[in-house]
Structure formats: structure tokens, C-alpha cells
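Q: I am new to this structure and would like a close look at a single part of it. Could you pick one strand, take me through its surroundings, and then show me how the rest fits around that picture?

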Amino acid sequence: MKTIILTIISMLLIGGSLQAQFTRFPMQGTIEFEKKANMHAILKSEITKDNEAYMTQILDQYKKTQPQFMTMKSTLQFSKDKSLFTPAEEPSSTASRYSSHPSVQQINTVFNDFATHTSSVQKKVFEQTFLIRDSIRNVKWKITDETREIAGYSCRRANGLILDSIYVVAFYTDQIPVASGPETFSGLPGMILGVALPHVHVTWFATSVTDKPLEKPLASPTKGKATNYKGLVATFDSLIKSYGEQARKYFQAFML
């Protein structure tokens with residue numbers, strides 16, 4: 001009996017060793033993301049006492065004819081010390097008839113260089129394109145014990161705060177030891193595979209991870225009016241003075 005027990009223990013130890021030996025920790029690859037915008041909630045948030053009469057009708061009509069969630073696709077390529085987030089080209093949507101809110105668009109192409117802790121973000125703001133070169137965004141994260149599986153990877157939840165007031169829920173995996181993620185979300189001890197902004201009604205979740213070498217080096221975007229985040233905020237502040245406080249939440253969404 002003692003011999004049998006020792007044999008079973010040995011087999012378990014060997015099995016665990018082999019599993020650890022063959023667990024891959026990819027340092028480069030491609031992640032496909034889906035962004036989902038809750039159109040019912042977003043259109044409802046557009047209703048004010050000044051537009052309630054016609055915006056309520058628009059919301060009711062939208063609910064009758066359109067799905068609740070608008071889905072957009074994007075790609076994140078990553079290497080050991082760089083990442084490039086690129087939105088996919090999307091067909092025109094009927095949602096644009098009802099809202100020009102940036103939450104239902106894909107406005108950012110994001111290049112991160114983790115060796116220098118710098119980023120280059122090509123951002124479309126209405127008819128203008130900006131190229132924002134600055135430090136990688138610093139998110140105040142608090143890691144929790146909650147876990148879930150995303151695209152085949154075990155992920156841990158972290159809660160964060162951006163722009164001083166916007167609550168962020170992120171899920172990251174240390175099985176991909178690159179501190180990147182979709183859009184401008186990064187700064188956790190592993191790849192972020194899921195993000196939710198509950199009060200903005202938008203999520204990003206990975207649908208697949210391809211673990212293979214990249215075909216070419218990652219490169220920063222180059223088109224757009226050069227600025228940094230401080231300059232972008234100053235530009236938005238001047239526009240708010242022209243368009244009024246109602247435009248503030250639009251420009252806050254452009255800062256995400």
C-alpha cells in the first residue's frame with residue numbers, strides 16, 4: 001500500500017512538472033477584440049430636458065428596429081516591449097443616424113513602447129485627426145481576487161479609475177507577460193483581455209489569441225496634428241466654450 005501511494009504521488013508530481021514545462025507564456029502575437037456599445041443605454045443618456053420630446057421617440061424607434069448592442073472589431077499586436085492596437089474598418093451603421101457619440105465609434109490607433117514608457121495615439125475627433133505623443137496613461141489599478149476565463153486564458157480582475165472619475169473594470173492574464181491591453185488601457189502585470197466601462201456602457205473583450213511571431217516590426221502611427229494630452233485638453237476646453245457644457249461629455253469620451 002505504501003508503495004502504491006508513493007507511486008501515485010510521484011505520478012502527480014511528474015504530471016504537474018510536465019504541465020508547467022509545456023505552459024506557454026507568449027511574448028508576441030495577435031489578439032482579436034470585440035467592442036460592444038449598449039446603444040439603448042447610450043441613447044438614453046443623451047436625453048435631456050431640452051430634447052426629451054424627440055430623443056425619447058428616437059430611442060423607442062431604435063429599440064423596435066435595431067439590436068441593443070453595437071459590435072466593433074479591433075486587433076492588438078504585441079511583442080515583448082511594444083504593442084499596436086488597430087480598429088478594424090467597419091461598415092456604416094444606422095446608429096450614426098441617431099448619435100455621433102464617440103463611444104459608438106472606433107477613434108484610436110494606439111502604439112505603446114514599454115521600454116521608453118511612451119505612447120503614440122492617432123485619434124479621430126469629428127473631422128480632425130490628432131497624433132498624441134506622450135507618456136503611457138497611468139491608471140490607478142486595484143487588483144482583486146475575482147477571476148474569469150477570457151479567450152482560453154485565466155484572468156484576474158482589477159478595478160481602476162481614469163480621467164479622475166471614470167470607473168474601469170479590467171481582466172488581465174499573467175500567462176501573457178506583456179503589460180498592454182486594448183485602446184489605452186495598460187499597466188497591469190500581464191495582458192488585459194477584457195475591459196468594461198459600466199457608466200459609459202462600453203466593453204472590450206478578447207475573442208481569440210494567436211501565439212505566433214509577428215510578420216513585421218510594430219510601428220507607430222504618423223498621421224495627424226501633433227500634440228500631447230495637455231494640448232488636447234486645452235483644445236477641448238476651447239471648443240467647450242464655443243459649444244457649451246453639453247459638449248463636455250462628448251469630449252470626455254474622446255479622451256478615453
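A: Here is a walk that starts at strand 1 and then moves outwards.

Please keep in mind throughout that this is a predicted model. To set the scene, the protein chain has 256 residues, and buried residues make up 43% of them. Its secondary structure comes to 5 helices and 12 strands. Among the contacts in the chain with a separation of 6 or more, 61% join residues that are 24 or more positions apart.

**Strand 1 and its two partners**

Strand 1 covers residues 29-38. Of its 10 residues, 7 are buried, so the strand is largely enclosed by the rest of the structure. Two pairings involve this strand. With strand 2, residues 69-78, strand 1 pairs in the antiparallel sense over 10 bridges. With strand 11, residues 202-210, the pairing is again antiparallel, over 8 bridges.

A good residue to look at here is T30, which sits in strand 1. Is T30 buried or exposed? Its relative accessibility is 18%, and buried means under 20%, so T30 counts as buried. Across in strand 11, the residue standing opposite T30 is T210. Leaving aside neighbours within four places in sequence, T30 is in contact with T75, L76, Q77 and F78, as well as S208, V209, T210 and L214.

Further along, E34 has K73 of strand 2 as its bridge partner. E34 and K73 also turn up together in another way: with K36, they are linked in a network of salt bridges.

**From strand 1 to the core and a cavity**

Now for the nonpolar residues. The largest nonpolar core has 57 residues, and I31, L193 and L197 are the ones that touch the most other members. As a general point, nonpolar side chains in soluble globular proteins tend to be buried together. To see what surrounds one of these three, take L197: not counting residues up to four places away in sequence, L197 touches I166, Y167, V168, F185, V202, W204 and L256.

Two of those names come back when you look for empty space. A search of the whole structure finds 2 cavities of 30 Å³ or more. In the largest cavity there is about 140 Å³ of space. This cavity is lined by 14 residues, and W204 and L256 are among those nearest its centre, together with K35, P102 and A253.

**Other salt bridges**

How many salt bridges does the structure hold? There are 5. Beyond the network already described, you can find a pair formed by K82 and D81, whose closest N and O atoms are 3.7 Å apart. K82 is partly exposed at 24% relative accessibility, and D81 is partly exposed too, with a relative accessible area of 30%.

Strands 7 and 8 offer further examples. The side chains of R157 and E146 meet in a salt bridge with an N to O distance of 3.1 Å. R157 lies in strand 8 and E146 in strand 7, so this pair ties together parts that are 11 residues apart in sequence. R157 counts as buried at 19% relative accessibility, whereas E146 is partly exposed at 37%.

D145 and R156 also meet through their side chains in a salt bridge, at 3.7 Å from N to O. Here D145 belongs to strand 7 (residues 140-150) and R156 to strand 8 (residues 153-162), with their positions 11 residues apart in the numbering. D145 is exposed, with a relative accessibility of 71%, while R156 is partly exposed at 30%.

**A hairpin to finish**

For a last stop, turn to strand 5 (residues 118-125) and strand 6 (residues 128-135), which pair in the antiparallel sense over 8 bridges. In this pairing V121 stands opposite I132 of strand 6. The two strands form a hairpin with 2 residues between them, and F126 in the turn has a positive phi of about 55 degrees.

Strand 6 has a further pairing, this time in the parallel sense: 3 bridges join it to strand 12, residues 225-227. There, L131 stands opposite A226 of strand 12.

To return to where the walk began, strand 1 is paired with strand 2 and with strand 11, and 7 of its 10 residues are buried.

Technical notes. Residues numbered from 1 in each chain as written. Predicted model: local features only at pLDDT ≥ 70, side-chain atom pairs only at ≥ 80, totals over all residues. Heavy atoms only, no water. Buried < 20%, exposed > 50% of the residue type's maximum accessible area, 1.4 Å probe, protein only. Helix = DSSP H or I, 4+ residues; strand = E, 2+ residues; numbered from the N terminus. Pairing = 2+ DSSP bridges. Salt bridge = Lys/Arg side-chain N within 4 Å of Asp/Glu carboxyl O. Core = buried A, V, L, I, M, F, W, Y, C linked by side-chain atoms within 4.5 Å. Contact = heavy atoms within 4.5 Å. 1 Å grid on protein atoms, 1.4 Å probe; cavity = no way out; pocket = protein on both sides within 12 Å on 5 of 7 lines; lining within 4 Å. Points joined across faces, edges and corners; volume = space filled by probe spheres on them.
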